[in-house]
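Biologist: Hi! Could you walk me through this one while we both have it open?
Modeller: Happy to, let's put it on the screen.

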Amino acid sequence: QVQLVESGGGLVQAGDSLRLSCAASGRAWRSSSMCWFRQAPGKEREFVAGIRGSDRNTFYAGSVKGRFTISGDNANINLIYLQMNSLRFEDTAIYYCAATSRTLIASSFSRMAEYDSWGQGTQVTVSS
């Protein structure tokens with residue numbers, strides 16, 4: 001089983017930048033697809049961005065495209081980042097990292113059920 005640990009959350013002002021990290025660890029674990037979801041108070045958890053290890057293709061929700069960038073640190077993408085620029089009040093949420101050992105197709109990245117493991121979340125608060 002894999003453990004996912006997120007870090008990098010905090011309180012920032014609108015227009016600022018923040019970078020989140022997620023590290024996956026576990027014996028013989030190899031992440032093939034990893035992603036970020038977020039959940040704002042009173043709302044459902046939503047897909048933010050995903051990365052596929054086999055070809056390093058990335059996928060984004062429309063609300064963050066052009067502002068957020070997901071990247072992986074190594075070939076196995078066991079360490080990923082979410083660079084968040086031009087943050088808005090509506091980006092305030094708990095951000096969760098998720099991973100699966102399967103290579104997902106593009107349309108599957110936004111489905112929570114595709115992921116085997118989830119992190120505990122890191123709070124991002126953007127003040128307006």
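**Hairpins, salt bridges and a core**

Modeller: I'd start with the hairpin of β5 and β6: five residues lie between its strands, and R56 takes a positive phi near 60° there. Keep in mind that this is a predicted model.

Biologist: Okay. In what sense do β5 and β6 pair, and over how many bridges?

Modeller: They pair in the antiparallel sense, over three bridges. For a concrete pair, look at A49, whose bridge partner in β6 is Y60.

Biologist: And how many bridges join β4 to β5?

Modeller: Six bridges, and these two strands also run antiparallel. S33 is a good place to look, as it stands opposite R52 in β5.

Biologist: Which residue takes a positive phi in the hairpin of β4 and β5?

Modeller: That's G42, with phi near 75°, and this hairpin has six residues between the strands.

Biologist: How many residues of β5 are buried?

Modeller: Six of the seven, so β5 is largely enclosed by the rest of the structure.

Biologist: Switching to charges. How many salt bridges does a search of the whole structure find?

Modeller: It finds six. One of them joins R38 and D91, with the closest N and O atoms 2.9 Å apart. That pair links distant parts of the chain: R38 sits in strand β4 (residues 33-39), while D91 is in the loop between β8 (79-84) and β9 (93-100), 53 residues apart.

Biologist: Are R38 and D91 buried or exposed?

Modeller: R38 counts as buried because its relative accessibility is 6%. D91 is buried too, with a relative accessible area of 1%.

Biologist: What else does D91 meet in a salt bridge?

Modeller: The side chain of R67, at 2.8 Å from N to O. Here again distant parts of the chain are linked, since R67 belongs to the loop between β6 (58-60) and β7 (68-72), 24 residues from D91. R67 counts as buried as well, at 9% relative accessibility.

Biologist: Which residues are linked in a network of salt bridges?

Modeller: R38, E46, R67 and D91.

Biologist: Nice. What about E114, which side chain does it meet in a salt bridge?

Modeller: R111, at 3.2 Å from N to O. E114 is buried with a relative accessible area of 11%, whereas R111 is partly exposed at 46%.

Biologist: Let's move to the nonpolar side. Which residues touch the most other members of the largest nonpolar core?

Modeller: M34, W36, I80, L82, M84 and Y95, out of the 36 residues in that core. Several strands feed into the core: β3 (18-25), β4, β5 (46-52), β7, β8, β9 and β11 (122-127) each supply at least two residues.

Biologist: Which strand gives the largest share of this core?

Modeller: β9, with five residues.

Biologist: Pick M84, then. What is M84 in contact with, leaving aside its neighbours within four places in sequence?

Modeller: D16, S17, L18, L20, R67, F68, Y95 and V124. You'll recognise R67 from the salt bridge with D91, and Y95 from the core residues I just named.

Biologist: Last one: where is S117 found?

Modeller: In strand β10 (residues 117-118). S117 counts as buried, at 4% relative accessibility. Not counting residues up to four places away in sequence, S117 touches Q1, V2, L4, C97, A98 and A99.

Biologist: Great, thanks for the tour!

Methods
Residues are numbered from 1 along each chain as its sequence is written. This is a predicted model: local features need pLDDT of at least 70, side-chain atom pairs count only at pLDDT 80 or more; totals for chains, interfaces and linings use all residues. Side-chain values use heavy atoms; hydrogens and water are left out. A salt bridge is a side-chain nitrogen of Lys or Arg within 4 Å of a carboxyl oxygen of Asp or Glu. Helices (H or I, at least four residues) and strands (E, at least two) are DSSP runs, numbered from the N terminus. Buried means under 20% relative accessible area, exposed over 50%, partly exposed in between (1.4 Å probe, protein chains only). Contact means heavy atoms within 4.5 Å. A nonpolar core is a set of buried Ala, Val, Leu, Ile, Met, Phe, Trp, Tyr and Cys residues joined through side-chain atoms within 4.5 Å. Two strands pair if DSSP finds at least two bridges between them.
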